[in-house]
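Q: I have a model open and want to go through it with you. Can we take it contact by contact?

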Amino acid sequence: MPTYEWRKSSYSPDGSNCVCIALAPDGTVRLRDSKVPAVVVSASPGALRVFVDAVGGGALRSRNG
């Protein structure tokens, strides 16, 4: 597995419960949860932007609560 320069969210005050992000050499974005660092999700910058905008806009809120 390649070594990435991981950056944690500034909204995560400690290093044990945060989302980390890294830019891969091929231009894709890598995401991981600090609690399970072996699981890495890859997305294009455009797809990540659509996802972040959907979360921020409330489009992905649970209908159960």
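Q: Which side chains meet in a salt bridge at 3.1 Å, N to O?
A: Those of Arg49 and Asp53. A salt bridge here is a side-chain nitrogen of Lys or Arg within 4 Å of a carboxyl oxygen of Asp or Glu.

Q: Before we go on, what kind of model is this?
A: This is a predicted model: local features need pLDDT of at least 70, side-chain atom pairs count only at pLDDT 80 or more, and totals for chains, interfaces and linings use all residues. Residues are numbered from 1 along each chain as its sequence is written, and side-chain values use heavy atoms, with hydrogens and water left out.

Q: Back to Arg49 and Asp53. How far apart are they in helix H1?
A: They are 4 residues apart in H1, so about one helical turn separates Arg49 from Asp53. Helices (H or I, at least four residues) and strands (E, at least two) are DSSP runs, numbered from the N terminus.

Q: Is Arg49 buried or exposed? And Asp53?
A: Arg49 is partly exposed, at 49% relative accessibility. Asp53 is partly exposed too, at 45%. The cut-offs: buried is under 20% relative accessible area, exposed is over 50%, and partly exposed lies in between (1.4 Å probe, protein chains only).

Q: How many salt bridges does the structure hold?
A: It holds 2. Arg30 also forms one, with Asp26, and the closest N and O atoms there are 4.0 Å apart.

Q: How does the cover compare for that pair?
A: Arg30 is buried, with a relative accessible area of 15%. Asp26 is exposed, at 55%.

Q: What else is on H1? Where does Val52 sit?
A: Val52 is in H1, which covers residues 45–56. At 40% relative accessibility, Val52 is partly exposed.

Q: Which residues make a nonpolar surface patch with Val52?
A: Phe51, Val55 and Leu60 join Val52 in a patch of about 360 Å². Patch residues have over 30% relative accessible area and no salt bridge; like charges are joined within 9 Å, nonpolar side chains (Val, Leu, Ile, Met, Phe, Trp, Tyr) within 5 Å. Areas come from the Shrake-Rupley method with a 1.4 Å probe, and for residues only the protein chains shown count as cover.

Q: New topic: the sheet. In what order do the strands run?
A: 4 strands form an open, antiparallel sheet in the order S1-S2-S3-S4. The edge strands are S1 and S4 (36–43), each pairing on one side only. Two strands pair if DSSP finds at least two bridges between them.

Q: How many bridges join S2 and S3?
A: Strand S2 (residues 19–23) and S3 pair over 5 bridges, in the antiparallel sense. Cys20 stands opposite Arg32 in S3.

Q: Which rings form the aromatic pair?
A: The structure holds 1 aromatic pair. Tyr4 and Trp6 have ring centres 5.7 Å apart and planes at 80 degrees, so the pair is edge-to-face. Rings of Phe, Tyr and Trp (its six-membered ring) pair with centres within 6.5 Å; planes under 30 degrees apart are stacked, over 60 edge-to-face, the rest tilted. Tyr4 is buried at 14%, and Trp6 is partly exposed at 21%.

Q: Last one: what is the mean pLDDT of the protein chain?
A: The mean is 86, and 91% of the residues reach 70 or more. pLDDT is the predictor's confidence in each residue, from 0 to 100. Among the elements, S1 (residues 7–8) has the lowest mean, 89, and S3 (residues 29–33) the highest, 94.
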